[in-house]
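Let's take a friendly walk through this model together. Keep the 3D view open as you read.

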Amino acid sequence: MGSLSKGFSSTLGKKLIMGLTGLFLSLFLVIHLIGNLQLFNDDGGKAFNEYSYFMTHFLPIKIVSYALYLSIILHAVYAVIITMRNNKARPVGYAQVNGAANSTWSSRNMGILGTVILVFIVIHMKTFWAEYHWGGLPYVQYEMSLQNPEVVRVTQLPFDGNPLVHTKFVDVQNQTEVVVAKDLYFVVQQAFQQEWYVILYVISMIVLGFHLYHGFQSGFQTLGFDHVKYKPIIDFVGLWVFSIIIPAVFALMPIYMYFAH
Amino acid sequence: MSGNMNLTLKVWRQKNATEKGKFVTYKADDISPDMSFLEMLDVVNERLVKKKEDPIHFDHDCREGICGMCSLYINGRPHGPKRAITTCQLHMRSFHDGETITIEPWRATAFPVIKDLAVDRSAFDRIQQAGGYVSVNTGGVPDANEIAIPKVIADEAFNSATCIQCGACVAACKNASASLFVSAKISQLALLPQGQPERYRRVQAMVAQMDEEGFGNCTNTGACEIECPKEISLTNINRMRRDFYNAKFFKEEEIN
């Protein structure tokens, strides 16, 4: 145990924690993105609301989500610890630094990029995560004909103080499947009717792209993965998937919600 | 002489480690473009001496790019604007007439300023002493080529061994991390059979000493690799990490 904690308290060990949590958070982004693609479904939010229920009530996912919250906290706390040591390692700075000559802008600004992302995460979780868990969310009822499941009848259920529950049943008499769900989709719709909110999200996703441009491949290096055979693949995936495609599709969501409603 | 340059130098002057330093501006007129950067400073110093002023202190020794003694952070880059050379190999033709050149010492807590542009790099020596060697028994001289080493391994070890301990990696790093230097010194031995017996003790001892000296964390910016006059590769740092994790997390018999 002593040697383990010694290993993690060295400069290399602290960076190992940054790398592990960072790559775990990157993996989460992929899952989060695939799930949120439900927003693009034109079904009154049925798929999205059912997905939200699943993500918050399926035990293995709940366990992983706590690992995720812990990772965000560890990543941020260790970033502060590491930065403090780095500042102490050079208390008198240079008068002139030509950083562009030897490193990417992203790699030199991970701290500020990460801080913006952290602020974004707090706002993001306040608006959707906290609302979903503790906010007085309205419920919505979806009725689908069993013969033709494409036809969906959406009824907003007013919030009347009596807590409703997530239900899904087949009404044999009326030949319909009925789903009653917390209407997170409505909250998303409302949030992205505000222009400043859409702008905030788009900017945050650009920042995320820059953070991951350095972070993704740096995380693998920190773990010691560096090989002529797969380094180019890591760099390629880091650039195209994690710093361009994922942030771009995330940014499309508020834009789509803004124009579609 | 025609073709000579008139330059303005902004030089960091600091009496000693404890006193606060400041930039002083000097005129360096009539400088030949064929001079090396250090020769240019020699000329400036001769003129200062003639005026009975304190000459600018800077480190230098071999002046042919192999000793690792010269330093200088020139116009925002260690060893100046050119790739893969030391300051002594930098020539004034890399600058233009009328240019203002900013000259600073390496800046790191672990490299305290001795005077002006000269810094104390003995932190590197202490890291080396912590484990950057191979213990051998005295005795008869072994046969050459007794231990077969594949060419690629020998080449890679040699590349790591070209490190001249100048400290440009620390100077270039925005975190003042010594990872490139330490990892090169670890790699040159870890790659070879002679380095195996002490391989995991070495990496732990040298990393511990590196942390002890107050160098920063490596955040993989890659600035060190670009600014290294000997083009030591970033791969060394990742090799050091693998050995370190191996020692700390996988080989319990190797823990220091």
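The notes below look at chain A, one of its helices, and the contacts made by the two chains.

## Chain A as a whole

Please keep in mind that this is a predicted model. Chain A has nine helices and four strands. If you trace the chain from its start, the order is α-α-α-α-α-α-β-β-β-β-α-α-α. The C-alpha trace of chain A spans about 75 × 45 × 40 Å along its principal axes.

Of the 261 residues in chain A, 27% are buried. Taking contacts in chain A between residues at least 6 apart in sequence, 77% join residues at least 24 apart.

## Annotated membrane segments

An unreviewed UniProt entry carries the annotation "transmembrane region" for residues 16-39, 59-81, 110-129, 196-216 and 237-259 of chain A. Two of these can be checked against the model. Residues 110-129 of chain A are 100% helix and 0% strand, with the end C-alpha atoms 26 Å apart. Residues 237-259 of chain A are also 100% helix and 0% strand, and here the end C-alpha atoms are 31 Å apart.

## A look at helix α9

Helix α9 of chain A runs over residues 231-260, which makes 30 residues. From its first C-alpha to its last, helix α9 of chain A reaches 41 Å, close to the 44 Å expected at 1.5 Å a residue. There is a kink of about 30° in α9(A), and G238(A) is at its centre.

G238(A) is also one of the buried residues of α9(A). The others are F242(A), S243(A), I246(A), P247(A), M253(A), P254(A) and M257(A). What do the buried residues of α9(A) pack against? Their partners are α2 (11-36), α7 (184-191) and α8 (195-222) of chain A.

## Where chains A and B meet

The contact draws 34 residues from chain A and 37 residues from chain B. On the chain A side, α1 (2-9), α2, α4 (59-89), α5 (105-108) and α8 each supply at least two residues. By class, the side of chain A that touches chain B holds eleven nonpolar, 16 polar and seven charged residues.

## Inside chain B

Chain B is divided into domain 1, residues 5-104, and domain 2, residues 121-254. Taken over C-alpha atoms, the centres of these two domains of chain B are 31 Å apart. Their contact takes twelve residues from domain 1 of chain B and ten residues from domain 2 of chain B. The side of domain 1 that touches domain 2 in chain B has six nonpolar residues, five polar and one charged.

How values were computed
Residues are numbered from 1 along each chain as its sequence is written. Chains are lettered from A and ligands numbered from 1 in the order in which they are written. This is a predicted model: local features need pLDDT of at least 70, side-chain atom pairs count only at pLDDT 80 or more; totals for chains, interfaces and linings use all residues. UniProt positions are given in the numbering used here, feature names are shortened, and annotations may be inferred rather than shown by experiment. The expected span of a helix is 1.5 Å times one less than its number of residues. The bend at a residue is the angle between axes fitted to the seven residues ending there and the seven starting there. A residue is buried if 20 or more other C-beta atoms lie within 10 Å of its own, exposed if 12 or fewer, and partly exposed in between; C-beta atoms are placed from the backbone. Two residues are in contact if their C-beta atoms, placed from the backbone, lie within 7 Å. Domain bounds come from an automatic or database domain assignment. Ala, Val, Leu, Ile, Met, Phe, Trp, Tyr, Cys and Pro count as nonpolar, Asp, Glu, Lys and Arg as charged, and the others, Gly among them, as polar.
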